[in-house]
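Work through two short exercises on the structure shown here. Try each task before you read its solution.

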Amino acid sequence: MPNIAIIGAGVNGVSSAIKILEHYRFNEPNTPIQVTIHSDEFTPNTTGDGSAGLWGPYLLGGTDEAKVYKWSKSMHDFLEKIWLSEDAGEAGVCLIPCVRLSTTESSVGDFWRDIVYGSNDLTPKQLQRYNEGRTVKFTSGLSFVTYTSEPVKLLPFLMKRFLRNGGKIVRQKVTDLDNFILSSPYDVIVNCTGLGSRELLDDQQMYAVRGQVSRIKANWIYTAILDESDDGNYIIPNCETVVLGGTHQVKDYNVNVSPSDKSFILEGCRRFVPGIEYAQHLKDWVGLRPGRGELRLEAEKRGGKVVIHNYGHGGSGVTLCWGCADDVLQLLLQSKSVSKL
């Protein structure tokens, strides 16, 4: 019987676990399977739980665009299915209009714009509205419609699906991968530890990208606005709250709320929507995104077992999770060791 461990209970770990478990249950029902997630933290205490969950490739370093396109489209299709079902509310999936703005010469969303709905470049007149009072002007912008999938709701929804189909969880922090491989009963280990891979694997390509956000009560805001400048702000409505951001501070490991960053966020977002000044402030949050020069998704033999690595998703954990899980499953099925399990 295949006995598989997933290390990490973020959105990529849980998605990989679901893909593997459901493949065997529905496509190979005569093959018994056990899938277990090992993690010291589960929802609502993962890095992703504090994020807004807006679909969109972000902070992925030099990851191949063709792969990002495939992975992100898979997730967009998955979110569409949820949104059209009765599960949308439970999973925190909402359809949302968006405006992305850029100060660079390249067009916004060049390689993914056909995935979202109704993408259109902003006209000079539309850009002029956003440029009022700005020293550095926006040179291009894109309006479109896509999804948010608020992780604090999506993760419990996915975990419920995983457990309903026979998955198991173990609350354990894995600090020594080689010892875990040798001492555990698992045939295959899937590493979805995100930033934790820096220590677990001594992967010096991993680094933190610090993100700080504020949440407000402003259910009159319906459109996401995203400034893609290096020091840009963003406004992303969720189901009951609105997320104001944000920061992407490379190699900054400070998990405490910074008053200066909070001021930067609130003042910057007020320039887009002045009424934010009167909204109820709910809380501030800091998370460390798992940055890497290139997302790592590959299999290796280690300690006589198959180890599949799936980490380094930058600011695109939700956006890529379902598509990356597709590839995790394929790597598992292609592995010569799997046929011997």
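The exercises cover one pocket and the cysteines.

This is a predicted model, where local features need pLDDT of at least 70, side-chain atom pairs count only at pLDDT 80 or more, and totals for chains, interfaces and linings use all residues. Residues are numbered from 1 along each chain as its sequence is written, and side-chain values use heavy atoms, with hydrogens and water left out.

**Exercise 1.** Describe the second largest pocket and its lining.

Step 1. Fix the term: on a 1 Å grid over the protein atoms alone, a pocket is an open set of points where a 1.4 Å probe fits, with protein on both sides within 12 Å along at least five of seven lines. Lining residues have an atom within 4 Å of a point.

Step 2. Give the volume, the space filled by probe spheres set on the points. It is about 340 Å³.

Step 3. Find the centre. Of the 16 lining residues, Y130, R134, G268, R271 and F272 are the closest to it.

Step 4. Assign helices (DSSP runs of H or I, at least four residues, numbered from the N terminus). Helix 4 (124-131) and helix 8 (259-272) each supply at least two lining residues. Helix 8 gives the largest share, 4 residues.

**Exercise 2.** How many disulfides does the structure hold?

Step 1. Apply the cut-off: a disulfide is a pair of cysteine sulfur atoms within 2.5 Å.

Step 2. State the count: 0 disulfides.

Step 3. Check C98. The nearest cysteine sulfur, that of C94, is 12 Å away. C98 is buried (under 20% relative accessible area, 1.4 Å probe, protein chains only), at 2%.

Step 4. Check C321. The sulfur of C324 is the nearest, 8.1 Å away. C321 is also buried, at 0%.

Conventions: Buried means under 20% relative accessible area, exposed over 50%, partly exposed in between (1.4 Å probe, protein chains only).
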